[in-house]
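I opened a notebook for a structure that was new to me and wrote down each thing I looked up in turn.

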Amino acid sequence: MLTWKDVMDFTVNKNPSPDKRIEKTEEQWKELLTATQFSITRKAGTEMPHSGEFCTSYEPGIYSCICCGNDLFDSTIKFDSGTGWPSFTQPIKINAIKYLKDNSLGRSRVEIQCNQCDSHLGHVFPDGPEPSGLRYCVNSESLIKK
Ligand SMILES: [Zn+2]
């Protein structure tokens with residue numbers, strides 16, 4: 001199980017290697033994605049809270065990257081954070097996600113990206129429920145449910 005210490009180590013040292021890499025040009029991503037999906041996943045956008053289709057959905061399933069299909073989260077580790085964004089306590093596996101320091105907006109945060117295609121997913125915070133204490137705060141638009 002990943003903890004905040006692991007997340008910090010990834011941002012300072014090195015992220016886990018993905019199983020494979022998916023790389024496309026900006027034009028290729030534009031063809032594959034809606035305008036909203038493109039601006040969030042490829043331009044680090046954020047959807048309005050409570051707007052996403054997965055905010056209040058708890059049906060069983062796997063949440064994957066909308067860009068490349070990489071499996072990211074399982075419905076069993078989804079929880080209601082009250083923030084208006086889908087929230088999870090762990091990735092589906094350690095190397096599914098990469099962690100990057102984000103000092104935009106005058107705050108020190110940790111951005112999360114798909115480790116296969118660098119799609120922007122959201123941020124991870126150290127205020128989640130036990131036992132991991134992690135809250136992965138993810139845009140619905142970054143996800144597709146299988
Ligand atoms: Zn991806």
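The entries below go from the metal site to the sheet, the core and a few backbone details.

**Entry 1, the metal site.** I noted before anything else that this is a predicted model. I then asked which residues coordinate the zinc ion. I found Cys65, Cys68, Cys114 and Cys117, each through its SG atom, at 2.3 to 2.4 Å. Along the chain, these donors of the zinc ion follow the spacing C-x2-C-x45-C-x2-C. I looked up the geometry as well: the 4 donor atoms subtend angles of 103 to 115 degrees around the zinc ion, and the arrangement is therefore tetrahedral. Turning to accessibility, I saw that Cys114 and Cys117 are both buried.

**Entry 2, the sheet.** I traced an open sheet of 6 strands, whose order is 3-4-8-7-6-5 and whose pairing is antiparallel. Its edges are strand 3 (78-79) and strand 5, each of which pairs on one side only. I followed strand 7 in particular, which pairs with strand 6 in the antiparallel sense over 4 bridges and is joined to strand 8, again antiparallel, by 4 bridges. On the side of strand 6, I read off that Gln113 stands opposite His120 of strand 7, and that Glu111 has His123 of strand 7 as its bridge partner. His123 in turn has Cys137 in strand 8 as a bridge partner.

I also asked whether strand 7 is enclosed or open. It is largely enclosed by the rest of the structure, because 6 of the 6 residues of strand 7 are buried. In the hairpin of strand 6 and strand 7, where 5 residues lie between the strands, Asp118 takes a positive phi near 65 degrees.

**Entry 3, the core.** The largest nonpolar core has 26 residues, and I noted that Phe73, Ile97, Tyr99 and Tyr136 touch the most other members. Among the elements that give two or more residues to this core are helix 1 (4-12), strand 1 (62-65), strand 2 (71-74) and strand 8 (135-138). The largest share, 3 residues, comes from strand 6. I listed the contacts of Tyr99 beyond four places in sequence, and they include Leu2, Val7 and Phe10, together with Val110, Ile112, Val124 and Tyr136.

**Entry 4, Gln90.** I found Gln90 in the loop between strand 4 (87-88) and strand 5 (97-102), and I checked whether this residue is buried or exposed. Its relative accessibility is 13%, so Gln90 counts as buried. The side chain of Gln90 reaches the backbone oxygen of Leu2 at 2.8 Å. Setting aside neighbours within four places in sequence, I found Gln90 in contact with residues including Met1, Phe73, Ile77, Ser132 and Tyr136.

**Entry 5, backbone details.** In the loop between strand 7 and strand 8 I located Pro131, which is joined to Glu130 by a cis peptide bond with an omega of about 5 degrees. I then turned to the loop between helix 3 (35-41) and strand 1, where Ala44 has its place, as does His50. Ala44 has a positive phi of about 55 degrees although it is not a glycine, and His50, likewise a residue other than glycine, has a positive phi near 65 degrees. I compared their accessibility last: Ala44, at 44% relative accessibility, counts as partly exposed, whereas His50 is exposed, with a relative accessible area of 60%.

Methods: Residues are numbered from 1 along each chain as its sequence is written. This is a predicted model: local features need pLDDT of at least 70, side-chain atom pairs count only at pLDDT 80 or more; totals for chains, interfaces and linings use all residues. Side-chain values use heavy atoms; hydrogens and water are left out. Donors are N, O and S atoms within 2.8 Å of the metal (3.2 Å for Na, K and Ca); water is not among the atoms, so sites may look incomplete. Four donors count as tetrahedral if all angles lie between 85 and 135 degrees; four count as square planar and six as octahedral if opposite donors are over 155 degrees apart and all others between 65 and 115; anything else is irregular. Buried means under 20% relative accessible area, exposed over 50%, partly exposed in between (1.4 Å probe, protein chains only). A polar contact is a pair of N or O atoms within 3.5 Å; within protein, one must be able to donate a hydrogen and the other to accept it, and residues adjacent in sequence count only if both atoms are side-chain atoms. Contact means heavy atoms within 4.5 Å. A nonpolar core is a set of buried Ala, Val, Leu, Ile, Met, Phe, Trp, Tyr and Cys residues joined through side-chain atoms within 4.5 Å. Two strands pair if DSSP finds at least two bridges between them.
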